[in-house]
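Student: I should like a close look at a single part of this structure, set in the context of its surroundings. Please treat the matter in one connected answer.

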Amino acid sequence: MERREKEAVRYLGFGKNAVDDRTLALIRESFEDLDREAGKKSVHRVFDVEQTAEDRIVIGPMDIKSRSLGRNLKGCEKVILFGATLGTGVDRLITRTSLTNMAKAAVLQACAAALLEEYCDECQEKIGEEMGKEGMYLRPRFSPGYGDFDISHQETLMRMLDCAKTIGLTMTDSFMMTPTKSVTALIGAGKLRMNCPVSGCETCGKKDCSFRR
């Protein structure tokens with residue numbers, strides 16, 4: 001089973017239970033549909049970061065109070081603001097499918113989440129190569145809404161990236177993103193190499209890491 005398929009199974013809530021052949025076939029069919037419809041786009045910008053206290057981080061116009069983000073960015077000199085989307089085609093596909101086949105729509109939702117994570121990992125690997133030329137290493141992605149990093153910061157983050165113009169990503173008054181299969185995040189960069197997996201904390205076995213989100 002491919003990694004993206006394993007991720008979809010995890011999103012579907014199978015846990016340690018084996019997935020049946022019918023569901024696995026539906027997952028593979030859903031990924032084929034999503035690959036046809038997805039219009040992947042991403043944007044990122046590098047900023048200086050100042051940590052004035054354990055729970056206080058300043059990035060351009062953003063003054064963030066978050067102890068969990070402070071732990072993640074400890075020792076970082078730069079931070080990358082990042083946004084990515086699978087595009088409106090994926091939203092339309094899921095909506096159409098939900099009208100006729102709710103079971104497949106649920107699988108599509110899980111597969112789209114896995115596809116978005118896969119795409120973000122690919123983007124982060126490329127960003128890591130760029131920052132590596134400056135002797136810097138990346139921390140795991142950290143999105144508004146994680147821990148005590150207030151989701152309201154999403155609006156400023158998206159404005160700093162000009163997401164509407166660059167990748168067609170907008171946000172409602174309740175901080176929901178459109179297209180829905182999209183993500184924004186901060187990625188710390190510092191000269192201390194932590195060997196963090198690009199796939200993030202969920203796949204890392206080190207439970208006592210101070211940078212864990």
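Student: How do the residues of the lining of the largest pocket divide into nonpolar, polar and charged?

Tutor: The model is a predicted one. In the lining of its largest pocket, eight residues are nonpolar, five are polar and three are charged. The space in this pocket amounts to about 330 Å³. Its lining consists of 16 residues, and those closest to the centre are Ser 143, Pro 144, Met 177, Ser 182 and Val 183. Two elements, H5 and E9, each give two or more residues to the lining. Of the elements, E9 gives the most, namely three residues.

Both of these elements also take part in the largest nonpolar core, to which H1, H2, strand E5 (78-85) and helix H4 (88-100) likewise give two or more residues. This core has 33 residues, and within it Leu 34 and Phe 82 have the most contacts. With twelve residues, H5 gives the most to the core. A second core, of 23 residues, lies apart from the largest one; among its members are Val 43, Ile 57, Ile 64 and Leu 69. As a general tendency, nonpolar side chains in soluble globular proteins are buried together.

Helix H5 spans residues 102-132 and, together with helix H2 (21-37), is packed against by the buried residues of H1. Those buried residues of H1, a helix of residues 3-11, are Arg 4, Glu 5, Glu 7, Ala 8 and Val 9. Just after H1, Gly 13 adopts a positive phi of about 85°.

The cysteines complete the picture. There are zero disulfides in the structure. Cys 111 cannot form such a bond because its sulfur lies 16 Å from the closest cysteine sulfur, that of Cys 120, which is too far. Cys 111 is also buried, at 0% relative accessibility. Cys 120 is likewise in no disulfide: the nearest cysteine sulfur, in Cys 123, is 6.2 Å away, whereas a disulfide requires the two sulfur atoms to be within 2.5 Å. Cys 120 has a relative accessible area of 1% and therefore counts as buried.

In summary, H5 and E9 link the two themes of this answer: each gives two or more residues to the pocket lining, and each gives two or more to the largest nonpolar core.

Definitions and conventions. Residues are numbered from 1 along each chain as its sequence is written. This is a predicted model: local features need pLDDT of at least 70, side-chain atom pairs count only at pLDDT 80 or more; totals for chains, interfaces and linings use all residues. Side-chain values use heavy atoms; hydrogens and water are left out. Buried means under 20% relative accessible area, exposed over 50%, partly exposed in between (1.4 Å probe, protein chains only). Helices (H or I, at least four residues) and strands (E, at least two) are DSSP runs, numbered from the N terminus. Contact means heavy atoms within 4.5 Å. A nonpolar core is a set of buried Ala, Val, Leu, Ile, Met, Phe, Trp, Tyr and Cys residues joined through side-chain atoms within 4.5 Å. On a 1 Å grid over the protein atoms alone, a cavity is a set of points where a 1.4 Å probe fits but cannot get out, and a pocket is an open set with protein on both sides within 12 Å along at least five of seven lines; lining residues have an atom within 4 Å of a point. Grid points are joined across faces, edges and corners, and a volume is the space filled by probe spheres set on the points. Ala, Val, Leu, Ile, Met, Phe, Trp, Tyr, Cys and Pro count as nonpolar, Asp, Glu, Lys and Arg as charged, and the others, Gly among them, as polar.
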